[in-house]
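Me: I want to learn how the labels on a structure are earned. Can we go through some charged pairs, one at a time?

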Amino acid sequence: MATSANFFTFSNTINGEARDGPRVTQAVNPSNKQPLWKVPVASEADVDEAVAAATQAFTSWSSTSWSERAKLLSQAREALLAIKEEMASIIMQENGKPIQFARMEVDHSVGFLTYHSSHPEIQPKLVQDDEDLRLSIRYVPMGVVAAICPFNYPLVLAMGKIGAALLTGNCVIVKPSPLTPYSVLKFVEVVKSIFPRGVIQALNGDEKTGPLLCEHPGIQKISFTGSIATGKKIMAAASKTLKSITLELGGNDACIVCPDVDVSVVAPQVASGAFLNSGQYCLASKRIYVHEDIYDKFLQRMIDIVKEWKTSPSTADAGNMLGPIQNEMQYKIVKQFYEDCRRKGYKFALGSPDIMDDNNFVIQPAIIDNPPDGAKVVKEEAFGPIVPVLSWKDEDEVIRRVNDTNTGLGASVWSGDVDRATALGERIQSGTVYINKPPRPLPNGYLAGWKESGVGGEWGTEGLLAYCNTQTVHCYKSPVAPGSAEAD
């Protein structure tokens with residue numbers, strides 16, 4: 001597809017129309033701290049208009065057949081494929097990830113649309129069917145869904161919400177992160193003509209927009225991916241109108257490496273699972289527990305791997321493996337972890353707290369060698385390229401340490417004995433466990449956090465049900481005759 005002159009202009013989409021406004025903002029390219037394209041900021045009137053349009057569209061959209069909704073999602077998939085390179089360029093600039101990973105994000109976004117457009121229709125569940133009673137549960141769309149999306153994977157995480165909401169018959173209003181608004185706004189602009197007016201809309205906003213959506217009486221569901229702190233605020237705001245909520249929040253995911261692994265094979269994969277997207281990945285391995293018998297060898301192999309990676313600003317020809325932290329606020333948070341490790345005298349097996357570049361938000365990766373369990377870098381989620389590697393000896397001991405956290409999003413276990421790894425994984429208090437593979441979420445794999453890592457879940461068939469209300473139908477086959485004792 002040839003890029004048109006106005007491809008890199010951006011607007012909100014309300015009721016099938018591009019919408020500008022008197023207020024604009026510009027996100028920042030984290031690779032050079034330069035402002036990106038101007039984008040309008042939605043007003044309260046814009047929010048009200050979008051909700052009204054979605055409410056009106058819901059009546060007909062919810063009665064559209066499943067197959068028709070799936071067909072339109074498939075057309076949206078083709079539209080995204082046609083602009084893959086342009087979209088990857090946008091993601092690289094707004095998010096900072098290297099171009100090959102920006103392309104991968106587009107591919108994964110296509111994968112979510114493929115999954116949803118090919119998912120069989122969810123049928124009513126038959127609970128009882130005898131000569132007296134047919135008892136069944138129907139799954140019906142909720143209404144208007146607000147999808148509030150994060151900065152770390154701006155497009156693919158939006159696609160998971162959009163695909164599920166639309167397939168199940170809901171109308172969706174997408175609010176991208178104001179730090180990375182461009183890819184989502186462009187996607188909705190490109191596909192808006194595929195769907196009836198008001199079915200899919202997008203609003204770039206500010207600090208007021210999220211609360212307006214969460215408290216709006218015309219919205220039936222909030223789906224949010226982001227931090228625990230913001231998730232708690234959303235839950236409180238949504239409670240005012242008792243909205244349905246799905247919260248996918250932070251995690252401090254552990255990785256357990258057993259002594260029987262092939263270090264040369266496993267260490268590179270564990271490193272990748274820890275540092276992907278410069279650690280800005282909710283399911284990244286943020287605490288790596290390696291058995292004492294192979295600790296030194298495994299740690300050295302990780303060091304050798306990571307120090308060969310190029311970490312730099314991301315451009316189309318940079319050839320880097322890791323890019324910058326996405327924004328200044330997160331950059332400062334990550335720096336605090338480096339500085340805390342320096343102050344406490346923890347050993348930097350790789351990296352240094354003193355190597356920073358004021359011209360961008362790039363932070364070189366760091367590996368902390370066996371810090372204490374109470375260290376900030378162990379207890380808290382840095383959401384950046386700093387990872388502690390810790391030694392363990394006994395399975396009961398390592399499980400206790402792994403579970404000593406207020407979060408429970410994901411985890412991974414590596415062993416030459418799959419049964420042993422699976423048994424260990426089942427003892428971890430987290431919603432997702434990966435056995436002998438780095439964390440890699442799939443569209444058909446339900447994602448739900450335990451503890452403070454979330455409420456409800458998304459993806460897979462179970463995730464589709466999160467966008468549905470249930471209606472239990474008690475159908476008695478023999479009406480009660482008037483005047484009978486039962487009728488009285």
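Me: How many salt bridges are counted here?
Reply: The count comes to 27 salt bridges. This is a predicted model.

Me: What makes Glu78 and Arg77 a salt bridge?
Reply: Their closest N and O atoms are 2.2 Å apart. The cut-off is within 4 Å, so the pair qualifies.

Me: Why is Glu78 called partly exposed?
Reply: Its relative accessibility is 43%. Partly exposed lies between the limits of 20% and 50%, so Glu78 gets that label.

Me: How do you know that Glu215 and Lys240 form a salt bridge?
Reply: The N to O distance is 3.2 Å. The limit is 4 Å, so the pair counts. Glu215 lies in helix α7, and Lys240 in the loop between α8 and β11, so the pair ties together parts that are 25 residues apart in sequence.

Me: Why is Lys240 called exposed?
Reply: Exposed means over 50%, and Lys240 has 60% relative accessibility, so the label fits. Glu215, with 35%, is partly exposed.

Me: What makes Asp340 and Arg343 a salt bridge?
Reply: The closest N and O atoms are 3.6 Å apart. That is within 4 Å, so the pair passes. Both residues sit in helix α11, three residues apart, which is about one helical turn.

Me: Why is Asp340 called buried?
Reply: Its relative accessible area is 6%. Buried means under 20%, so Asp340 is buried. Arg343 is exposed, at 55%.

Me: Which residues are joined into one network by salt bridges that share partners?
Reply: Glu17, Arg19, Glu49 and Arg197.

Notes
Residues numbered from 1 in each chain as written. Predicted model: local features only at pLDDT ≥ 70, side-chain atom pairs only at ≥ 80, totals over all residues. Heavy atoms only, no water. Salt bridge = Lys/Arg side-chain N within 4 Å of Asp/Glu carboxyl O. Buried < 20%, exposed > 50% of the residue type's maximum accessible area, 1.4 Å probe, protein only. Helix = DSSP H or I, 4+ residues; strand = E, 2+ residues; numbered from the N terminus.
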